[in-house]
Amino acid sequence: MHGTTGDSPGSVSRPAPGPAASDPGALWDDAAEAFRRWREGEQQALDELVRLMSPVLWHVVRATGLDQEAAEDVVQTAWLTLVRSAASVQDPQAVGRWLCTTARREAWRHGRASGRVHTTDVEVLDSRLPRQQSPEDDVVLGDEQARLWQALSRLPERCQQLLRIVAAEARPDYGSISAHLQMPVGSIGPTRGRCLDKLRTELVNSGGPR
Amino acid sequence: MSNGTSNRADDAPTDEQLLEAVHHLFTVIDPPPADLADGVLARIGVEDLELEYELLSLVDDSGVTAVRGSTGATRPDTDGSVTLEFAGGSYRVLLRIDSIAPAEAPAGPERRRVDGWVVPAVPMRVSLVADDGDRAVGVPDLTSIPDENGRFEFTDVEGGRFRVWLHPEPATDAGLHPFATLPFLI
């Protein structure tokens with residue numbers, strides 16, 4: 001199943017820089033800067049902000065378990081909320097977080113209203129796993145990623161959900177996720193730590209070739 | 001490289017590395033639709049148009065010869081008084097335009113007085129905005145705050161093409177866009 005890699009079982013491959021997790025500080029800064037320019041009347045800056053933050057919002061919203069169509073709708077709604085209430089964003093520096101929190105709340109509200117949230121959409125994602133890949137399939141997970149995915153899917157559902165949420169937005173507002181996860185704010189951090197430990201253990205157990 | 005036989009702490013990825021890897025995994029297996037941002041921008045564009053203003057159209061122009069439509073030109077008849085009624089959305093606006101007697105406004109361009117009523121009488125700002133082709137550069141907007149009966153006035157207006165704008169207070173109707181009448185001649 002797995003190809004040979006030189007890495008130790010517990011390690012994961014270095015990911016390419018992703019917008020949300022690898023350097024959230026720079027992303028928030030760019031977003032804040034574009035938002036300021038837009039509020040000062042530069043229309044083009046809104047384009048920049050949308051292109052910068054929409055992929056991040058996508059992952060934030062998908063992490064709540066919405067299907068793709070609903071997720072796209074919710075991302076749009078989050079942006080409309082920003083456009084309508086730009087004045088209510090008191091601190092431009094916080095616009096990235098504001099958007100993520102707004103999108104997540106809207107996603108959960110939407111999910112409750114439509115009953116479309118699944119705690120995980122394993123079926124959908126499983127179909128993209130490498131064992132089913134075809135040569136022309138451009139979504140091909142590397143061995144390390146396949147191993148990570150399989151390790152992740154062996155975790156308790158709650159862990160899967162929490163890890164996907166905190167991976168989508170580095171250091172999210174715990175207050176906005178505690179109610180939905182039915183976890184007190186104070187226990188989210190420790191739970192995150194335990195889930196990551198479990199993931200590390202699963203990665204080791206999945207071993208890969210010696 | 002390690003010997004791959006143990007989960008030694010110095011081999012194990014840190015929390016941050018692991019989360020970064022999870023994030024990257026999802027960017028690969030669940031990428032956003034290619035047109036996600038374009039869809040957002042299109043939706044914002046539509047919203048902007050809707051947000052711009054809601055039009056109040058001319059519903060009545062009693063006792064005068066009025067020209068309707070986009071020109072909306074309405075001239076007072078001989079006794080110098082004209083009444084216009086606009087409606088749309090949730091508001092109705094009645095305007096009475098009177099010539100100011102020559103004694104009060106001697107030579108020079110024609111001057112008018114505009115008395116208006118807006119229904120419902122909710123907290124708002126009413127402005128009279130010149131609507132001539134070159135955006136009426138130099139003609140300041142006139143603003144009036146309706147009283148509790150919805151009555152407002154502009155006491156001395158130089159003739160020209162105008163629109164009345166209603167800017168309801170946000171507290172009255174959260175996130176409300178302004179309303180504007182069709183242009184009319186004063």
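**Figure 1. A left-handed disulfide in chain A of a predicted model**. Cys159(A) and Cys195(A) are joined through their sulfur atoms. The torsion about their S-S bond is about -80 degrees, so the disulfide is left-handed. The two sulfur atoms sit 2.0 Å apart. Cys159(A) belongs to helix α7 (residues 157–168) of chain A, and Cys195(A) belongs to helix α9 (residues 185–206) of chain A. The bond therefore ties together parts that are 36 residues apart in sequence. Are these two cysteines buried or exposed? Both Cys159(A) and Cys195(A) are buried. How many disulfides does a search of the whole structure find? The search finds one over all chains. Another cysteine to look for is Cys100(A), which counts as buried because its relative accessibility is 0%.

**Figure 2. Helix α9(A) and its surroundings**. Helix α9(A) is built from 22 residues. From its first C-alpha to its last it reaches 32 Å, close to the 32 Å expected at 1.5 Å a residue. Many side chains can be picked out here. The buried residues of the helix include Leu196(A), Leu199(A), Leu203(A) and Val204(A). Charged residue names appear in that list too: Arg192(A), Arg200(A) and Glu202(A) are among the buried residues of α9(A). What covers the buried residues of this helix? The cover includes α6, α7 and α8 of chain A, together with α1 of chain B. Just after α9(A) comes Gly207(A), with a positive phi of about 60 degrees.

**Figure 3. Helices α8(A) and α9(A) pack at an angle of about 85 degrees**. Their axes are 9 Å apart. An angle from 65 to 115 degrees counts as roughly perpendicular, so that is how α8(A) lies to α9(A). Which residues make the contact? From α8(A) come Tyr174(A), Gly175(A), Ile177(A) and Ser178(A). From α9(A) come Val185(A), Ile188(A), Gly189(A) and Arg192(A). Two of these, Ile188(A) and Arg192(A), are also listed among the buried residues of α9(A). Now follow the chain between the two helices. Gln182(A) lies in the loop between α8 (174–181) and α9 of chain A. Its phi is near 55 degrees, a positive value in a residue other than glycine. Is Gln182(A) buried or exposed? Gln182(A) counts as exposed because its relative accessibility is 67%.

**Figure 4. Chain A as a whole**. This view steps back from the single helix. Chain A has nine helices and zero strands. Read along the sequence, its pattern is α-α-α-α-α-α-α-α-α. Chain A has 210 residues, and 52% of them count as buried. Take the contacts in chain A with a separation of 6 or more: residues 24 or more positions apart account for 69% of them.

**Figure 5. An aromatic pair that crosses between chains**. A search of the whole structure finds five aromatic pairs over all chains. One of them joins Trp149(A) and Phe26(B). Their ring centres are 6.1 Å apart and their planes meet at 85 degrees, so the pair is edge-to-face. The tryptophan, Trp149(A), is in helix α6 (residues 143–153) of chain A, while Phe26(B) is in helix α1 (residues 15–29) of chain B. Trp149(A) counts as buried because its relative accessibility is 3%. Phe26(B) counts as buried too, at 6% relative accessibility.

**Figure 6. A tilted aromatic pair in chain B**. Here the partners are Phe86(B) and Phe184(B). What are the distance and the angle of this pair? The rings are 5.6 Å apart, centre to centre, with 40 degrees between the planes. Phe86(B) lies in strand β2 (residues 81–88) of chain B, and Phe184(B) lies in strand β10 (residues 184–185) of chain B. The pair therefore ties together parts that are 98 residues apart in sequence. Phe86(B) counts as buried at 1% relative accessibility. Phe184(B) is buried as well, with a relative accessible area of 1%.

**Figure 7. A cis peptide bond and a buried leucine in chain B**. The bond from Val119(B) to Pro120(B) is cis, and its omega is near -5 degrees. Where is Pro120(B)? Pro120(B) sits in the loop between β4 (111–119) and β5 (124–130) of chain B. Strand β5 of chain B holds Leu128(B). Leu128(B) has a relative accessible area of 0%, so this leucine is buried. Arg161(B) is 33 residues away from Leu128(B) along the chain, and their C-alpha atoms are separated by 10.0 Å.

Methods
Residues numbered from 1 in each chain as written. Chains lettered and ligands numbered in written order. Predicted model: local features only at pLDDT ≥ 70, side-chain atom pairs only at ≥ 80, totals over all residues. Heavy atoms only, no water. Disulfide = S-S within 2.5 Å. Helix = DSSP H or I, 4+ residues; strand = E, 2+ residues; numbered from the N terminus. Buried < 20%, exposed > 50% of the residue type's maximum accessible area, 1.4 Å probe, protein only. Phe/Tyr/Trp six-rings, centres within 6.5 Å; stacked < 30°, edge-to-face > 60°. Expected span 1.5 Å × (residues − 1). Contact = heavy atoms within 4.5 Å. Axes fitted to C-alpha atoms, helices over the stretch in contact; angles between N-to-C directions. Parallel < 35°, antiparallel > 145°, perpendicular 65-115°, else oblique.
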